[in-house]
Protein chains: 2
Amino acid sequence: MSQDEIPFTALVRSLPATVPFVGPEAIERHRGRTFAARIGANESAFGVSPKAAAAMREAVGRVSWYGDPESFDLRQALAAKHGVAMDEICVGGGIDELLGLVVRMTVTPGTAVVTSLGAYPTFNYHVAGFGGRLVAVPYVEDREDPASLLAAVTTEGAPLVYLANPDNPMGTWQEASAVADLIAALPSGCLLVLDEAYIEFAPEGLAPPIDTGDPRVIRMRTFSKAHGMAGARIGYAIAHRELITGLNKIRNHFGLNRIAQAGALASLGDSNFVAQVAARVEDGRQDTYALAARLGLQAIPSATNFVAIDVGSGERATSILQALQEEGVFIRRPGVAPLDRCIRVTVGTPEDRALFAAAFEKVLASVPT
Amino acid sequence: MSQDEIPFTALVRSLPATVPFVGPEAIERHRGRTFAARIGANESAFGVSPKAAAAMREAVGRVSWYGDPESFDLRQALAAKHGVAMDEICVGGGIDELLGLVVRMTVTPGTAVVTSLGAYPTFNYHVAGFGGRLVAVPYVEDREDPASLLAAVTTEGAPLVYLANPDNPMGTWQEASAVADLIAALPSGCLLVLDEAYIEFAPEGLAPPIDTGDPRVIRMRTFSKAHGMAGARIGYAIAHRELITGLNKIRNHFGLNRIAQAGALASLGDSNFVAQVAARVEDGRQDTYALAARLGLQAIPSATNFVAIDVGSGERATSILQALQEEGVFIRRPGVAPLDRCIRVTVGTPEDRALFAAAFEKVLASVPT
């Protein structure tokens, strides 16, 4: 009996056995010790709302029960927050899961899908996983470029296009008007995934108004970043109700963790907490800009909880990343040129930042330019 | 702008907007009050291991970090428990998520998939969701029938077949030798999903030995039932490493809840707890058999944490189910004839059982035969 006889689809058989990201735990296992500063995955260094923590600990008492498959209470609170109807919201296991569902809902083998070259790899992973043909347009001055995205959508007749605002991995952003203009210019039959995972860290007014009457856009939000709940896996999509109906046709209805639902609902009720986190992240960004300037490097201004620092070349960024690992500091870097001339550093606690500053200065001295 | 212009795939457009199960919360919202006894979804009435509860409450402190995408510690413990290699295990968000991945990995539109008529609806939901053509063979004397499954596999040239042992919704079971014989007889190129969600409640020796050298079978286990962690969403697949590689090509790598991972690992280390739960479930089954006998009804002997009770007809089962809801008791019933002549009652706490017994006796008196 041979594994060649496993009845994989042709598509799955053709996929590479690669993953978008290697987790920090895997690197720690390889190195044989844990990181002193885990500032590579844009996880919040400022924890979770005390109200959310209490709600999650409390929810452990009923973990024998499935979570509500409709996430009713959470969707009700989210609908009130965003001024939309409950059936214009779908809650999922983080934006990653929702991205997979959106791709599954719109992509068959060969479908063209437009994104930016070097943008969020997990979106690309899902596109590949459903056989889509990825069309990636270059960043312009370290920013995703709506004009290029729109041109590619038109040229390719693509039904799906991805834009993160603010962007990951560069931390740059579009003005709300630029995003609104892109949406307005999208041809009918094209869907924009507008990934706003980092929106709470951005200046006020960066998100265009939510218009669920327009079936050309699906907004993605998450509790993983400003709410500090990455490990809970909970995010949501806001869109025209027909799009949400599509997600409901294929999603894993009983897939949501009950503790995560309780935590998200409680965190939503603690907006002061998120505002405080955003303020602390702004302090950390300023620290990081100042550090880069002191070291003679350019930091890319960021509207997120991370900062990309230009270190001159992809080769040097890789060397620095590896040397930082030896110093007990976990960071990441963009995967594709020309973005890969940067390292990407999550805003950590003041202690994390001090560790990073010392390690980075040490490492820079030893890594050739 | 019309929703007709949403770029759904033809498959998703064709899917019905139905769900495999309505959650008890939705019924409670409709009724305007909560159930006094929630004994319909085969959730454990006996809670979670104190060690698991402590581990989950502790894990809330690090919920800002993503869970390990490799679930290394948990897979290591599971591999040791089952005597397999770590790369022969895939951890997922409950068996439901893993079933979806297995279907995605093997089914394209039109692919024949074999199951039993009335077996687990969520498997069928995934098959429909990927465009598979479901071929359902009848139960024989309230048990799934390996001979019929095998015959359908052969006739249809089906690459995928589903068997739950013990079965849901009837609670019946196959001897290990019958399952082993089915596997041995499967044609090369056919994969059996052997769903053992309820195996901890079954008599010793019901599970055939695990043989990960055989790529024709993938075993499914869960923390949702005997471990009492349905709300955590964590289950796993055991299979030939090439099958696990297939899952790893498409799964949502950072999709697992960190708190659930910690809880599962702790629960795995508390085997006494699971044994105690199984003993309490056996007490409850005996109670339920005795109740049925006292009421002049036949209970189907069960190897699970629920009991199907024959009430004569699908119409009567529906009436009883609805009348029990009015009494504050949530149960379910099989969806398809002839299984639907039964109600399906999860083994509850002694208090749940007393509530059910009183309500059931009352309801029976008023519902026509």
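The largest cavity in this structure, which is a predicted model, has a volume of about 380 Å³, and a search of the whole structure finds 9 cavities of 30 Å³ or more.

Its lining is made up of 29 residues, and those that lie nearest the centre of the cavity are A:Y66, B:D96, B:Y120, B:N168 and B:K225. In chain B, helix 5 (94-106), helix 6 (121-129) and strand 5 (160-164) each contribute at least two residues to this lining, and helix 5 of chain B provides the largest share, namely 3 residues.

Turning to the interface, 84 residues of chain A are in contact with 85 residues of chain B. The area buried between the two chains is about 7,000 Å², and carbon and sulfur atoms give 60% of this area. On the side of chain A, the residues A:P7, A:Y66 and A:K249 together supply 11% of the area that chain A buries against chain B, which is more than any other three residues supply. A:Y66 thus appears both among the residues nearest the centre of the largest cavity and among these three.

Polar interactions also cross the interface, where 49 residue pairs are in polar contact and 6 salt bridges are found. In one of these salt bridges, B:E70 pairs with A:R29, and their closest N and O atoms are 3.0 Å apart.

The table sets out how the residues of each surface divide by type.

| Surface | Nonpolar | Polar | Charged |
|---|---|---|---|
| Lining of the largest cavity | 13 residues | 8 residues | 8 residues |
| Side of chain A that touches chain B | 37 residues | 26 residues | 21 residues |

Notes
Residues numbered from 1 in each chain as written. Chains lettered and ligands numbered in written order. Predicted model: local features only at pLDDT ≥ 70, side-chain atom pairs only at ≥ 80, totals over all residues. Heavy atoms only, no water. 1 Å grid on protein atoms, 1.4 Å probe; cavity = no way out; pocket = protein on both sides within 12 Å on 5 of 7 lines; lining within 4 Å. Points joined across faces, edges and corners; volume = space filled by probe spheres on them. Helix = DSSP H or I, 4+ residues; strand = E, 2+ residues; numbered from the N terminus. Nonpolar A, V, L, I, M, F, W, Y, C, P; charged D, E, K, R; others polar. Contact = heavy atoms within 4.5 Å. Buried area = accessible area lost by both parts, 1.4 Å probe. Salt bridge = Lys/Arg side-chain N within 4 Å of Asp/Glu carboxyl O. Polar contact = N/O pair within 3.5 Å; in protein donor to acceptor, adjacent residues only side chain to side chain.
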